[in-house]
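User: Please take a close look at the interior of this model, with the largest cavity as the starting point. Then follow its surroundings outward, giving the cut-offs behind each term.

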Amino acid sequence: MRRFARPADLGLPRADYAVLRRLDTPQKIQAFLIGLKQNFEPDGDTCRPVGAVLRTGRAHCIEGAMLAACALWVHGEPPLVVDMRAKRDYDHVVAVFRRHGRWGAISKTNGIGLRWRDPVYSSLRELAMSYFHEYCNKRDHKTLREYSVPYDLRRVDPRIWVSGKKNAWSVPEALDELRHFPLVNGHHMKAVTRRDPFERRVGRLLQYSRPRVSAKRRAATSARRRRRPGSA
């Protein structure tokens, strides 16, 4: 496993590699992800590789996490991602990094609660728990239940998740097979409340407006997404 990803390792055009080279801190990577428009998957589920995200300027969470991990790799940091599982809700995937022994996270999401985390968390469990309160479904139930061990994307051929021409479904499939750890159990959940009315109003704020689709198409898309991680 190479420490630094070179252009030949990634197979990206020179201009795309130059973009990643400019993202030389986690903060710059996060700012870049925030600037990407949201991929609402109007034509069906996607897990587009890094090059496709750079070309289209759109991403959802696992696509943003892969881009962030790739940028970290370019600068000599391991391209690690963590999968967070939810009950009756979408999974969320973040890129993770360490500073002075503490964990932080880089995240792409259209809402307000599941974004960047400063590198102040002493463990991945502590980091994952920081998402618990804001991780809610449309019925305002707090749905986060598990987090995975970190997955090093160097285990996957860059021709699949970086420069590939097709959806990189092998990445979410690998994440789904990882060991996951519970954050809460049934006894804990008895004391958990739903979001209050003010939190509900704030939670409906989105960075990018969702395009209008028919109810039938929306239901079909939601059913497909629940079978794959990373559609937040």
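Analyst: The largest cavity encloses about 40 Å³ of space. A cavity here is a set of points, on a 1 Å grid over the protein atoms alone, where a 1.4 Å probe fits but cannot get out; points are joined across faces, edges and corners, and the volume is the space filled by probe spheres set on them. The structure has 2 cavities of 30 Å³ or more. This is a predicted model, in which local features need pLDDT of at least 70 and side-chain atom pairs count only at pLDDT 80 or more, while totals for chains, interfaces and linings use all residues. Residues are numbered from 1 along each chain as its sequence is written, and side-chain values use heavy atoms, with hydrogens and water left out.

The lining of the largest cavity (residues with an atom within 4 Å of a point) is made up of V82, M84, V94, V96, L124, L127, A128 and Y131. Two or more of the lining residues come from each of β3 (80-86), β4 (92-99) and α6 (124-129). Helices are DSSP runs of H or I with at least four residues, strands are runs of E with at least two, and both are numbered from the N terminus. The largest share, 3 residues, is supplied by α6. By class, the lining has 8 nonpolar residues and no polar or charged ones. Ala, Val, Leu, Ile, Met, Phe, Trp, Tyr, Cys and Pro count as nonpolar, Asp, Glu, Lys and Arg as charged, and the others, Gly among them, as polar.

Y131, one of the lining residues, also has the charged end of R117 over its ring, 3.8 Å from the ring centre. The criterion is NZ of Lys or CZ of Arg within 6 Å of the centre and within 35 degrees of the ring normal.

Onward from α6, D140 sits in the loop leading to β7 (144-148). Most residues other than glycine have a negative phi. D140, which is not a glycine, has a positive phi of about 70°. D140 is buried at 10% relative accessibility, where buried means under 20% relative accessible area, exposed over 50% and partly exposed in between (1.4 Å probe, protein chains only). E41, likewise no glycine, has a positive phi of about 55°. E41 lies in the loop between β1 (37-38) and α4 (50-56) and is buried, with a relative accessible area of 3%.

Strand β7 contributes Y147 to a pair with F181 of strand β9 (residues 180-182), 34 residues apart in the chain. Their ring centres are 5.4 Å apart and the planes meet at 35°, so the pair is tilted. Rings of Phe, Tyr and Trp (its six-membered ring) pair if their centres lie within 6.5 Å; planes under 30 degrees apart are stacked, over 60 edge-to-face and the rest tilted. Y147 is buried at 10%, whereas F181 is partly exposed at 23%. The structure has 3 aromatic pairs.

Helix α5 (residues 61-74) is mostly covered, with 14 of its 14 residues buried. Its end C-alpha atoms are 20 Å apart, in agreement with the 20 Å expected for 14 residues at 1.5 Å a residue; the expected span is 1.5 Å times one less than the number of residues. Just after α5, G76 has a positive phi of about 85°. A71 lies 7.5 Å from D24, C-alpha to C-alpha, across 47 residues of sequence. D24 is in the loop between α2 (14-22) and α3 (26-35) and is partly exposed at 41%.

Methods: 1 Å grid on protein atoms, 1.4 Å probe; cavity = no way out; pocket = protein on both sides within 12 Å on 5 of 7 lines; lining within 4 Å.
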